[in-house]
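Q: I'd like a close look at one part of this model, the largest nonpolar core. Please walk me through it and explain the terms as you go.

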Amino acid sequence: MRTTAGKSPHTEALLKILELERSKGYEDVAVVGGLDRYLRTYVRKARDSGESLSASQICPPGFSYAALTKDRRRDWAESTHQRLSGEHPDEPNPAAKKPPGSRIPARRSLTVPPGVTLDSPITAVKGIGPGMAPKYAKLGVRTIRDMLYFFPRRHIDYGNQRRVAELEVGSEQTLVATVWEARQVNLGGRMGAEATVGDQTGTIRAVWFNQPYLAQRFRTGARLALYGKVNVYKGNKVFESPEWELLETEDLPRSDMLVPVYPLTEGLYPRSVRRLAKAVVTMWAPRLGDHLPPEVRDRCALMPLPEAIRQAHFPESRENLGEARRRLAFDELFLIQMGVASRKLEWQEALACAAFRIDHELLRRIGEGMPFRFTAAQKRALKEILSDVSQTRPMSRLLQGDVGSGKTAVATVALMMAAANGCQGALMAPTEILAEQHFNTIASILSRMAPPEQESSSLLRFPSLLPHPFVMALLTGSLKARDKGKIQKLAGEGAVHLIIGTHALIQKGVEFQKLGLVVVDEQHRFGVLQRSALRQKGSNPHLLVMTATPIPRTLALTLYGDLDVSVIDEMPPGRVDIETRWLGPAQRQAAYDFVRRKVREGRQAFIICPLVEESESIEAKAAVAEYKRLSEQVFPDLRLGLLHGRMSATDKESVMRSFKDRELDILVSTPVVEVGIDVPNAAVMLIEGADRFGLSQLHQFRGRVGRGEHRSYCLLLAESPSFEGRERLRIIENTRDGFLLAEEDLRLRGPGEFFGTQQSGLPDLRMARLSDVALMEMARSEAMRLLESDRGLKRPEHRLLAKEVARVWKAGSESG
């Protein structure tokens with residue numbers, strides 16, 4: 001090889017790299033990160049500088065230098081060097097066709113059937129018939145595009161394969177072994193599966209909790225691949241709930257393979273799903289247009305989208321998988337930021353809103369009427385809110401505060417300020433019980449300032465609270481039609497100044513004369529669309545969103561990128577502390593005895609059933625069985641109620657009301673137990689399988705007790721927690737600060753598991769790690785930069801991006 005003069009700097013650089021690669025024996029070590037990564041940069045630069053050499057001649061779609069044999073690498077490198085140096089400019093690149101004597105078969109021509117597109121149903125793929133399609137639909141795969149974005153849960157790394165004698169405690173590793181025996185066993189009071197597997201160096205136990213059916217899958221003599229962490233139990237090494245796959249002879253893996261492990265449902269098997277994914281990715285990934293503008297991709301050093309999709313499914317190395325995840329995670333965060341930033345600009349640049357005059361005398365009177373003095377954090381949050389509502393630009397603010405921090409009191413002041421300025425206020429809660437709770441709490445605060453006149457159970461009139469009579473109403477779906485009609489009529493006439501309700505507030509027939517302030521409680525239970533629907537009831541009202549879920553800054557930027565944030569990070573004095581204890585299996589009876597003792601003292605208790613990740617249906621069945629066991633065997637003399645996710649909203653409300661009214665002693669519940677429900681008499685929270693929940697969810701459960709004057713307790717039962725489970729339990733046992741727990745939760749769990757983004761009306765997060773602050777900030781910065789230069793994405797070069805933003809937000813709203 002030799003270089004020639006007169007070439008561009010990037011071509012000269014590539015020529016030198018090819019020469020260095022030859023001297024290194026074509027080991028792909030000439031540049032850090034591999035030649036493929038450099039080639040992507042080279043092709044972009046060559047294309048931008050208008051050089052005549054076609055990018056497709058250098059590296060055709062799907063080309064990977066790393067995947068070639070050394071002989072093929074040499075052929076490609078020699079030919080490319082000759083082409084770039086002008087020695088044989090017209091000779092085809094050997095990467096584009098099969099040269100004589102090649103050890104690699106030529107790339108087959110993949111022809112797309114007529115009329116089939118990325119958005120065609122999955123049945124357009126060979127091998128997916130009408131009977132199989134519903135199974136994929138359960139996993140969210142309905143179109144060919146869905147399949148491309150149906151990413152593996154993880155990859156089994158056969159490069160980290162060990163023999164039994166080499167397994168190390170605490171690290172993730174792979175074992176390929178033979179099944180000696182498999183059986184159903186009792187694991188801490190619940191049925192599970194146990195398999196003894198071995199190789200020529202020894203044997204090891206593997207156990208799976210709550211999955212007894214697996215014992216039937218593992219036949220004696222079968223070859224089984226296990227991937228996960230090894231722990232120690234009673235002095236012996238054991239795999240706890242590892243990933244697994246039964247291997248046929250032809251499946252025996254190469255030591256360098258990263259094998260994708262996909263989510264499954266009944267009737268789908270690992271091998272067939274992997275085969276389908278391979279076929280779809282091979283055919284369709286190269287046909288996926290890259291919506292990210294080249295300048296954004298270059299600035300952020302991101303992999304092209306088709307390559308990222310391919311590497312996310314079938315990576316050639318851990319490094320490539322990391323690069324693919326980074327690109328796809330950036331996409332998720334960037335597209336969310338494009339949506340929320342656009343919405344914020346639209347709201348703030350739309351019609352001007354009412355600017356409230358701050359009545360300081362009213363502020364003083366409300367302050368004196370409060371049952372407690374505002375904390376410094378409440379005062380700071382209120383100051384930020386009042387500053388916003390005093391401007392003609394509509395407020396868009398998130399008010400975060402731990403359970404019991406006094407968010408409702410702060411919102412009450414803002415709602416009263418709206419009424420004092422001749423505007424109406426609306427407060428929307430996710431359930432009827434919570435709406436009633438807000439109605440009663442605010443009525444109690446205002447009654448300390450002036451006596452009310454009760455027109456009905458859902459309508460209160462305060463003649464002397466303001467210079468004009470103040471009327472507040474409760475509007476829920478279960479109200480009688482006559483009462484509902486009366487409140488709707490008064491709202492339309494402007495005669496009601498504060499309406500508190502549920503989804504009924506955003507339904508047709510509810511109109512406001514002058515809606516000035518909207519307060520939404522527990523925002524993530526509603527979704528962006530409901531929030532928008534309520535806001536559209538007014539000309540352009542101020543918006544305050546309250547949440548009791550402590551949200552770290554990174555997550556707030558994602559879920560609430562369209563909102564400014566106020567934080568109440570201080571608890572009012574006199575709040576009852578909740579004693580938290582982590583208990584082992586041997587202490588279960590003692591925990592039950594403690595619950596019984598507290599009930600005899602007149603208190604009530606929650607018992608949370610274990611998390612079942614397979615499905616809500618299985619979780620509900622498990623909860624029914626647990627309720628039956630507790631009712632008949634453990635607490636036959638007490639009054640128990642049951643709450644689970646498969647119950648209708650009406651039945652859930654009925655059970656919660658019975659518990660609140662002390663008609664039940666113990667409420668047995670799956671993790672659906674209502675956020676924010678106030679049962680002051682509940683003093684014990686017992687959580688089964690506590691190690692399987694995240695810290696933030698455990699903290700939310702704990703917040704259901706300690707709301708009255710009684711000393712309260714949270715008991716965490718864990719059968720055989722993993723290393724991470726034990727770490728979480730230690731943290732929750734010793735930490736009361738919800739924000740600190742939220743940060744720890746993100747650190748420990750990583751991906752978007754904090755709470756389901758599907759409930760938020762936002763696009764789902766599949767790749768983004770919410771703990772990655774740098775990527776979050778980069779996505780936000782790039783989104784703002786782009787919108788500043790092209791507000792509506794009207795430029796031709798942004799047409800693909802505009803289409804993608806619209807598509808993912810439509811999908812997010814439909815799943816919410």
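A: Let's get the vocabulary going: helices (H or I, at least four residues) and strands (E, at least two) are DSSP runs, numbered from the N terminus. By that count, the chain has 26 helices and 24 strands. Keep in mind that this is a predicted model, where local features need pLDDT of at least 70 and side-chain atom pairs count only at pLDDT 80 or more, while totals for chains, interfaces and linings use all residues. Residues are numbered from 1 along each chain as its sequence is written, and side-chain values use heavy atoms, leaving out hydrogens and water.

How much of the chain is tucked away? Of its 816 residues, 54% are buried, where buried means under 20% relative accessible area, exposed means over 50%, and partly exposed is in between (1.4 Å probe, protein chains only). There's a general habit behind this: in soluble globular proteins, nonpolar side chains tend to be buried together.

Now for your core. A nonpolar core is a set of buried Ala, Val, Leu, Ile, Met, Phe, Trp, Tyr and Cys residues joined through side-chain atoms within 4.5 Å. The largest one has 60 residues, and those touching the most other members are Leu148, Ile309, Leu328, Phe330, Phe334 and Met338. Several helices each supply at least two residues of this core, among them α6 (144-148), α10 (305-313), α11 (318-349), α25 (773-789) and α26. The top contributor is α11, which gives 12 residues.

Zoom in on leucine 328. Skipping neighbours within four places in sequence, leucine 328 is in contact (heavy atoms within 4.5 Å) with Tyr149, Phe151, Leu305, Ala308, Ile309, Ala312 and Met767. Apart from this core there's another one, with 50 residues, including Val413, Cys423, Leu466 and Phe470.

Cys423 also turns up when you hunt for disulfides, meaning pairs of cysteine sulfur atoms within 2.5 Å. The whole structure has zero of them. Take cysteine 353: its closest cysteine sulfur is in cysteine 423, 8.9 Å away, so the two are too far apart for a bond. Cysteine 353 counts as buried because its relative accessibility is 8%, and cysteine 300 is buried too, because its value is 4%.

Right after cysteine 300 comes alanine 301, in the loop between α9 (294-299) and α10. Alanine 301 has a positive phi, near 50°, in a residue other than glycine. Its relative accessible area is 41%, so alanine 301 is partly exposed.

What about α26, one of the core's suppliers? This helix covers residues 799-815, and arginine 799 lies in it. Arginine 799 counts as exposed because its relative accessibility is 57%. The C-alpha atom of arginine 799 is 8.3 Å from that of histidine 291, even though the two are 508 residues apart along the chain.

Finally, how far can you trust all this? pLDDT is the predictor's confidence in each residue, from 0 to 100. The chain averages 81, with 83% of its residues at 70 or more. Residues 523-527 fall below 50, and this stretch has 26 contacts beyond near neighbours in sequence. Residues 750-761 also stay under 50, with 45 contacts beyond four places in sequence. Where pLDDT is low, the predicted coordinates should not be read in detail.
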